[in-house]
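Here's a quick briefing to read with the structure open beside you. Take it topic by topic and find each spot as you go.

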Amino acid sequence: MPTVHLVPHTHWDREWYRPFQSFRMQLVDLVDRVLDMLDADPSFAFTLDGQLATVDDYLEIRPDQLQRLRGQVRSGRLAIGPWQILMDEFLVSGETIVRNLERGWNRANDFGGPMRAGYLPDMFGHIAQMPQILRNAGLADAIVWRGVPAAVDRHRFRWEAPDGSFVRAEYLPAGYGNAAYLFADPAHLVAAAERFAAWANPWFGNDPILGMYGTDHAAPVPNLSGLVDRLNGLRPEATVRVDTLAGYLRAAAPLTDSDPCWRGEMRSGARANVLMGVASARIDIKRAAGRAETVLERYAEPLTALHVEADAWPAAFLRLAWGKVIENSAHDSICGCSVDPVVDQVLVRFAEAEQIGSTLTRRALAAVASAAPRGSVVMLNPTPAPRAGHLEAELSIPAEWGGVALEMPDGSRIGTQELSRKPTVLFDERVLGREADELFRRFHGREVFDHSWNGYAIDGGTITCDVDVDPDPAWLDADAMRAEVTGAMLAAPDEAWRVLVVARPRRALAASVPMPALGWTAVRPVEGDVSLDHPVRATERSLDNGLLRIGVAPDGSLDLLAADGMRAQGVGRVADGGDVGDSYNYGPPANDVTVDHPTQVRVETELAGPVVGRLRVVRTYDWPRSASADLSARSRDVDATEVSMTVELRAGEPFARVTVSFDNRADDHRVRFHAPLPRRASASYAEGQFAVVERGLTGEGGYREEPIPTFPAHGWVDAGGLAILLDHIGEYELTAGGAEIALTLLRSIGFISRYANPYRLDPAGPELAIPNAQMRGPWSISFGLLPHAGDWTSGGVDAAAEIYRHPPAWAHGSGSAAASASWPPAGAGDDALWLRGAHVDLSMLRRRDDGWLDLRLVNLAGEARKATITGGVLEARETSLLGEPGAALAVSDGQLRLDLRAAEVRTVQLRRRESALGRADVLDAAGPRQSG
């Protein structure tokens, strides 16, 4: 009979139905026991759940155990890593997954090295590119459970990524605890072993058997080795061997041509629940994750790497921020299926990561703003290609000017739209001379009313204090000015002085500004009118820019007509239905009522173009307040709820920007945004985690969970000629037989898990109340709508998503007097780093300790592509996913050319010529490149 490799382990949910610190006390007890058992018994081994977080959390409390723990890892009997934390694969970005693996791998090397296997025991399904991620890190094996399809009928199979790379996947039939209770009754070991062998035979045949001895937060029994020896003595024909996962994989049978092969993602419910509802549970977490990941990946790291001095690379801050994001990627954290105190901590961690990323972005802006004159605006482009960026900024504009244009560094001018004018008189009161000190209590040094005091004038009995948003001049003795004004007032103590605080005239302007690739530009106001390309024109119920026409129907839905003739009508039906499920699974009541017809509709024009137009559609619905007491229906009591939908169209953009907002006062319900498709679709195409994944109209079930075809998308989803562009992870479903798409806006639920979920038989966790998951209060979700002909590649969906999700960063120019006297600013309009290649995305750009840059490119297309990187490239080399330098790459004329396989994720390193602020010197004698 085959040998059973018994793997003692624990599955450690770091925070879930108890907060982190509560579970950590239990973790410390467990690791204490494991180390004692390892010391006492040379035949004992343990696998510490594949995540270094368990090690770090333990050592923070038991730092004196460092060498002891390190010794056991080096002995090979304590297996750790390779992950920093066991994450949910679908609810974080692909870059977060790689940083997680990178951090766990490096941390494991401090102890003797990671377990060389992609341990993925309890993820709620598996992303398509995971085999490529593992292979690019040097891992040839994956261990998986949930999501494995019915087509896999044995314990091992070939799992392929979209690019063709593959791993040997070890399937865990019955999960990561298939042998957890083998020794539960020492008096009946033989019977238990025979039942286990009978269960394993259809899966393993004559291959070595993997027995996972452990489960959630479980510690091994102290006499485990003795029980194993006893069992082996009673059944000499069948050996049970205590081992690590790594030990089992060394003994496991290799792949054969007859083994099943699966390509792409795995989200099947054939033999285990995939708990697809977590994609829409606690939307506040998903929004926070999207903000934190985006600011780190596309702003803080690349803009700092390219525009801040190389020796000022903020490694410690970035490590801290990424640590917060990685910590939150644990599935019980990011999924929102935990008690409310856990969610509170998750949101704080994301906020801290976002704060660090935002501050680093502002510092990069400050570096370039110092080269531009005061009164101008600088813009940093987060996209690795030239493009136009939308600017809304307040600028100092002389009151006598009529029209205003913006001058570019090359002398060209672009048109603007005036949004508002700020009041100039901030204070106008009579003050007695002897009350001068009282007056100046309103001043704090140079600051008054959130402005800088820049000067004053005395004209008879009137004192005028000049202020502005910007300090001009930059250096000024405010105490001396105060003494002069106070002296004048005290000289006439009984006179009622008129005191004016007057700001320079400022107007809020909107403009569409051409920007260089990952570079910066500057604009300054000049008097005049300039026409726009594709200007926005608005009526009471429509917006049109020549690329897209948006009309509002009487029921408040939208009619979208693209320039290529593609049309979507009835878009924006808001449907509110009951949900008596839980954080893991949507579950409608048996007698559900869907509310999708408004009782009132009104339309308002907020902005009329030509740079930006905006309509506001307000609809009122009678939403039931909750589920009925027996959960079989919805309450008859209703609340009149206003749902506001703002629809924005910008000059030159072929898509609409939509924000849906409402004050949620109801419980136990799901709100979705429905969009009929221009043409019926048999499949959707969703971007996420380094791939565009094709999905059908149904899900595979077979276990005890309703296989509803709701899916997550990270950046966008496209079907039937309509793409939805996303700010963060969103949940969607093709409904009505592929005739429309539904986007989940909010799901209000009250329990981690319900024992009586209509769409799931097995409990997924404890039935604990989580009242904050009802998501009461004001909520909003934003997205873009792009109707287009052709498929996602010919329709430009990924390019539109890039513009939608990554607005430019901007700041007011802050240059010295010398900078303010010259135009154009040096370096403005120059490309910093330009990535050319259709459907090739930039996932990472960061600086290394050795001064080189790390870049990660992703070919989203299903065909091979060529990519070219331009921007003063001096040297380049291959690198592993984990940053290990490899062979040199050819560089010619400051350019790096790469051939990318279909769906390839490629990491390279390069060194470039830099200026004093980290910007590449201009190599093109023809001058800076700019978008049109």
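A residue counts as buried when its relative accessible area is under 20%, and as exposed when that figure is over 50%. Keep those cut-offs handy, and remember that this is a predicted model. With that in mind, helix 2 is a good place to begin: Ala53, Thr54, Val55, Asp57, Tyr58 and Leu59 are buried there.

**Helix 2 and its neighbours**
- The cover over the buried residues of helix 2 includes helix 1, helix 3 (66-75) and helix 4 (94-109).
- Helix 1 (residues 20-40) packs against helix 2 (residues 53-61) at an angle of about 90°, and their axes are 9 Å apart.
- That angle makes the two helices roughly perpendicular, because anything from 65 to 115 degrees gets that label.
- On the helix 1 side, the contact is made by Phe20, Arg24, Leu27, Val28, Val31, Asp32 and Leu35.
- Helix 2 brings Thr54, Asp57, Tyr58, Glu60 and Ile61 to that contact.
- Sort the residues of this contact by type and you get 7 nonpolar, 1 polar and 4 charged.

**The whole protein**
- There's plenty to look at: 16 helices and 51 strands.
- The radius of gyration is 31 Å, close to the 30 Å that the globule rule gives for 932 residues, so the protein is as compact as a globular protein of that length.
- Along its principal axes, the C-alpha trace spans about 110 × 60 × 60 Å.
- Buried residues make up 61% of the 932 residues.
- Among contacts with a separation of 6 or more, 75% link residues that sit 24 or more positions apart in the chain.
- The protein exposes about 33700 Å², and carbon and sulfur atoms supply 50% of that.

**Backbone oddities to hunt for**
- Most residues other than glycine have a negative phi, and most peptide bonds are trans.
- A cis peptide bond joins glycine 81 and proline 82, with omega about 15°; proline 82 lies in the loop between strand 3 (78-79) and helix 4.
- Another cis peptide bond joins aspartate 472 and proline 473, with omega about 10°; look for proline 473 in the loop between strand 19 (462-468) and helix 14 (478-491).
- Alanine 174 isn't a glycine, yet its phi is positive at about 70°; it's in the loop between strand 7 (166-171) and helix 6 (189-204).
- Is alanine 174 buried or exposed? Its relative accessibility is 54%, so it counts as exposed.
- Aspartate 450, also not a glycine, has a positive phi of about 60°, and it sits in the loop between strand 17 (447-448) and strand 18 (451-459).
- Aspartate 450 is exposed, with a relative accessible area of 68%.

Key
Residues numbered from 1 in each chain as written. Predicted model: local features only at pLDDT ≥ 70, side-chain atom pairs only at ≥ 80, totals over all residues. Heavy atoms only, no water. Axes fitted to C-alpha atoms, helices over the stretch in contact; angles between N-to-C directions. Helix = DSSP H or I, 4+ residues; strand = E, 2+ residues; numbered from the N terminus. Parallel < 35°, antiparallel > 145°, perpendicular 65-115°, else oblique. Contact = heavy atoms within 4.5 Å. Nonpolar A, V, L, I, M, F, W, Y, C, P; charged D, E, K, R; others polar. Rg over C-alpha atoms; globule rule 2.2 N^0.38 Å. Buried < 20%, exposed > 50% of the residue type's maximum accessible area, 1.4 Å probe, protein only. Areas by Shrake-Rupley, 256 points an atom, 1.4 Å probe, with all protein chains shown as cover.
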